[in-house]
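Dear colleague,

I am passing on a structure that you have not worked with before, and below it I have set out what was found. Please read the notes with the structure open beside you.

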Amino acid sequence: MLKHYLKIAVRNLLRERGYSWINIVGLAVGMACFILIVLWVRDELSYDKFHLSADRLYRVTDYEKYADGNEMSFSVNPPELAPTLIREFPEIVDAARYRPMGGMIIRHNGKSFSEDGLTFTDASFFSMFSFPFIKGEPTQVLSFPNSVVITQRAATKYFGDEYPIGKILQVDDRVDLTVTGIIEDVPSNSHLQFDLAAHFSTVKEFGLEIEGWNQFAHKTYVLLAENADSDELSLKIAGTIQRHDEESIVELSLQPVTDIHLSGDESGIYIFSIIAAFVLLTACINYMNLATARSGKRSREVALRKVVGASRKEIVFQFLGESILTSFTALSFALLLVEMLLPFFNQLSAKQLSFSLLGNSSMIFVLLSTAVITGTISGSYPALFVSSLVPAEALKGSWQSGSKGALFRRVLVSMQFVLSIALIIGMVVISRQLHYIRNQKLGFDKEQVLCISLKGEAPRKFELLKSELSKTGGVAAISAVSSPPTRLPMSTLVSEWEGQQAEGEVLVYLLRTDCDFARTLEIQMTEGRFLSEEFVSDESEGIVVNQAAVRSMGLESPLGKQVLGARIVGEVKDFHFSSLHSRIKPLAISYRPDEFRYLLIKMNAGDISDAIGSLESRWKELVPGTPFDYQFLDERINMLYRTDQRMGKIINSFTVLALFIACLGLFGMASFTAQQRTKEIGIRKVLGATVPEITFSLIREFGKWVLLANVIAWPLAYFTMNRMLEVYAYRIRLDAWIFLAAGAAALILAVATVSYQSIKAALANPVETLRYE
Amino acid sequence: MNEQKLNAKEQETNSEELSMQNGVAPLIRTTNITKSYPSGFGKVFVLRNIDLEVSEGEFITIMGPSGAGKTTLLNIIGMLDEASEGEYSFLDQDVHKLNERKRAELYKQHMGFIFQSYHLIDDLTVYENLETPLLYKKVKGAERKSMVCDTLDRFQIVGKKDLFPSQLSGGQQQLVGVARAVIAKPRLLLADEPTGNLHSSQGEEIMQLLSKLNTEGTTIIQVTHSDKKASYGNRIIYLKDGWIVDKL
């Protein structure tokens, strides 16, 4: 029986090649999207699950609420926290501090390398987390100061073929680290990314404290006892820092390590899952539509099967079997497509997803069930529909498939368009928002500004570098800063200031820079002046604040007020020193040459690549052995929106695919309708209808439903997009034109798709079409 | 009513035996069969109060002008269509009370259908067309094969077994149609103008075939316009405007 069904299914697929292709291509593209998204989602969900005790590992997070209403969550803690937690809470078995430090220069055998993957951590780190060791014992490797564990990648980078264990790496000409262990490269689905992990106490060599409660600089991870209740414990530890430091307002809590990667960014998972379901559903709807539409042709066969003894159940099985066969055929094409598209998708999503079925039983299960479920959903309605026919009617030819399922089919087509229009709106809104972000006035001039990181001995020689580099051609201004105005890592809690009107604390971000900063980035002053060489006192006690700081502190006339042990000499106009996801926060700018880590070089317009060339050669003379690592400031700013742009691109691609599938289905439906109405069109032409009139009447039939789809899609998209834009403090308005344009685009697309068939039908010679009646 | 129901149930289990014992009990009995379609505010009647009894072994011809309801009656007897009112019992089972599954079961055990326009399944070869009823009857592979081969032999169409219907002439197609109808050895063969699309010599052939099947014990009901074809049967029922009449 199965063989029989299979045979008839294959013959049907072959006989109706056009429809079969539409179905198979649609389903294959839908499934390929689905598989890619499944891979992506699976990867996103797999972060940090590979640690053996993943369910007991937590990160200590901090929360502060300030007098000005601002609040902040972060996850760096004082060095004293980890040992205190172990001491005070029996539920906490172990704890490790973790402090990454980028921008290092590491030397070995006279060669120097730039290194951003250095981190400092406690001895317990490798027994808490399960990073597989190649050499060394996890509990022993970090047992003495200046020991370091390196990844295989770092081993190759520094030692090549040499045997690394026991060898010395020199960091920033200051500290020697001895290699005690080698681990496999850190998997990409780990939120902790490092290449060298050195003993924690070594961090003091780089100016950080290793005890006390004042410096919030270290991430703190804890391992809970088995059966410990993390929620309860989270409440218990909340006031730990406040107990030891009376001025603190930090509230602690525990965050599962496995949640860190997605924290605050789960929307991607939902959005993509929804899109995957959308795309697959659209393809299923195509199948349902075309199968139901064509059931007229199949009705005779079904009737005859009933005549020779088939029960309704058997007919249902036959049709379901056909749709499942189609969906399995589509699956095999989808697998090919995935294989082809994966490199592009990886590029798009910045992931290293791989797709292999061998031994991957869960993936095979997902694929098989996708095919079966897709086939069943697609085939269910046509099967129930066609199996319900009464043989006598069908054989007489009075069983009109055209009229019976017509409403249902139109509802399905409208549903597809609802999804498509919503996706188009999403696409437009996201790209508008990204455009808005790129072109938003930041309050400073980001164009033609080079950002050079100061490593090794360079920070100590910044004044020499500034004066010498400004002599090379093409340089307009140079300023040294603690960090470029893209993300300021330093902040401090200010609880007392002159002119304070009420009790409370204000979180103030800190930027250390020299007197040339405002000139270099063309930052405007609203009051007073910027730091200046003319005032020697500025070096030690001059400070410049932004408007947000003045507002938060409630200062009426900021000039001359004492804040942070310095006197305010000026107020800068607010500028965006972090991404547009958040509002402009209070900022204090002061002169601290020991904290300068970057040079910002404003270039003159002209041949910039030449100018950079001469900068580089001058740099190599001044600080040989320190790499000339530069980046343009605007590129660095764009990096802040990398995730947003990536998401935008992925959504665009899937939207295009969804539209493609929807149009494919519409094309099939249009050709079916045209075919079904051949006779009617013939008669109309005989009665004097013109070609445009007939074409229009065919197009109108679909246009009507697309318009209806708009009405449903608009509110749907409005609410979803509003939610999506919430992550941006600065965002576009959802103007009506976006919705109208998306609707119009869908309508044009629909009309274009339907036109071909409609015009063809309208042009047909009525003598031909009516001959057989 | 209750008693009748009980009776019917008992007979359902033993229907084969009972009918064998009674021998003369009618194969088909219809009471007041009416078929109508809604039309505007009223109804259009296709069949009216048809009372009919058919005994095992009869060869009945239904005759009447176009639109008299011949095919509709045949379809209702053949369970391809349902009556709007009235009772229909087949082998002492009340067909109008059976659910779709039971009706399909009864149908495929006992009935075969032949159509004027052959109605073979286009996508299946001659062999496969013959095999299909056996598949639905769940006949096992080897037995199925031998039954199909026997039938191909008997109808002398072995050479055509791998051809598709579109590759056969009308007469050949109808031959396959008859073969398909009788392959499962039905008790009742229903033929709706089986020779209507054939020229006379082919028609003769088919009629002789039906006649032969009848003498072998198959009950046959045919619909025809032709008196000559009617003469192969042993009883004629005249239909006019949905009523049974004595004479046209």
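Into which domains is chain A divided? In this predicted model, chain A has a domain 1 that is assembled from residues 2-43, 266-437 and 643-770, together with domain 2, covering 54-260, and domain 3, covering 449-639.

Taking domain 2 and domain 3 of chain A together, their C-alpha centres lie 29 Å apart, and 15 residues of domain 2 are in contact with 17 residues of domain 3. On the domain 2 side of this contact, the elements of chain A that give two or more residues are β4 (104-108) and β5 (111-115). That side of domain 2, where it touches domain 3 of chain A, has 6 nonpolar, 4 polar and 5 charged residues.

For chain A as a whole, there are 25 helices and 24 strands, and the C-alpha trace spans about 105 × 60 × 55 Å along its principal axes. Of the 773 residues in chain A, 44% are buried, and among the contacts between residues at least 6 apart in sequence, 82% join residues at least 24 apart.

In chain B, a pair of strands may also be worth your attention. Strand β6 of chain B (residues 111-114) runs parallel to strand β7 of chain B (residues 188-192), and 4 bridges join them; within this pairing, B:F113 has B:L190 of β7 as its bridge partner. From β6 of chain B, B:M111 and B:F113 point one way while B:G112 and B:I114 point the other way, and all are buried.

With best wishes

Methods:
Residues are numbered from 1 along each chain as its sequence is written. Chains are lettered from A and ligands numbered from 1 in the order in which they are written. This is a predicted model: local features need pLDDT of at least 70, side-chain atom pairs count only at pLDDT 80 or more; totals for chains, interfaces and linings use all residues. Domain bounds come from an automatic or database domain assignment. Two residues are in contact if their C-beta atoms, placed from the backbone, lie within 7 Å. Ala, Val, Leu, Ile, Met, Phe, Trp, Tyr, Cys and Pro count as nonpolar, Asp, Glu, Lys and Arg as charged, and the others, Gly among them, as polar. A residue is buried if 20 or more other C-beta atoms lie within 10 Å of its own, exposed if 12 or fewer, and partly exposed in between; C-beta atoms are placed from the backbone. Two strands pair if DSSP finds at least two bridges between them.
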